[in-house]
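Biologist: I am new to this structure. Please show it to me before we talk.

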Amino acid sequence: MRTSAKSGPVGKTERPIRELEIQEAQERERRERARAEMSWKIQPQRSSSTALLHRGGCATYPDQIGLSSREDAMVALAQPDIEPCEVCRPDTGLRG
C-alpha cells in the first residue's frame, strides 16, 4: 500500500509553510492598506472635469501609484484646479 506524500513528513512540512505564506501575504496586504490610509493621491484632470484629491484608500479612484504625503496633499488642495473627492473627504483634517 502506498501513502501519498501529503500524509507523510513532507506533507506535514508543506502545510505549515503554506499557512505561513498566507499569513505573510495577509500581513503585507494590511501594511499596504495602512500605508494607503495615511496617504493621498491625485486623480488627473480629464477634459470635462477637474483633478481630484483622494485619500489613499479611496475606492472611487483605486490607483495606488504615486501616493503622496500629507504635506503634498495640503499643497495640492491649495491649487485652484484640484478639488477634494466628495466621497472620501480628503480635506478633513488637512485644512485648518
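Modeller: What follows is a short run of questions and answers on the sheet, a helix and the core.

Modeller: This is a predicted model, in which local features need pLDDT of at least 70, side-chain atom pairs count only at pLDDT 80 or more, and totals for chains, interfaces and linings use all residues. Residues are numbered from 1 along each chain as its sequence is written, and side-chain values use heavy atoms, with hydrogens and water left out.

Biologist: Why is one side of β1 and of β3 left without a neighbour in the sheet?

Modeller: The open sheet has three strands in the order β1-β2-β3, with mixed pairing; strands are DSSP runs (E, at least two residues) and helices are DSSP runs (H or I, at least four), numbered from the N terminus, and two strands pair if DSSP finds at least two bridges between them. β1 (40–43) and β3 (82–84) each have a single partner strand, so both stand at the edges.

Biologist: Which residue in β2 stands opposite Trp-40?

Modeller: β2 covers residues 51–55 and pairs with β1 in the antiparallel sense over four bridges. In β2, the residue opposite Trp-40 is Arg-55.

Biologist: Why do the buried residues of α2 lie on the same side?

Modeller: In α2 (residues 70–77), Ala-73, Ala-76 and Leu-77 are buried, meaning under 20% relative accessible area, where exposed is over 50% and partly exposed in between (1.4 Å probe, protein chains only). They lie on the same side because their arc, taken from the directions from the helix axis to the C-beta atoms, is only 95 degrees.

Biologist: Which residues is Ala-76 in contact with?

Modeller: Contact means heavy atoms within 4.5 Å. The buried residues of α2 pack against β1, β2 and β3. Leaving aside neighbours within four places in sequence, Ala-76 is in contact with Ile-42 and Ile-82.
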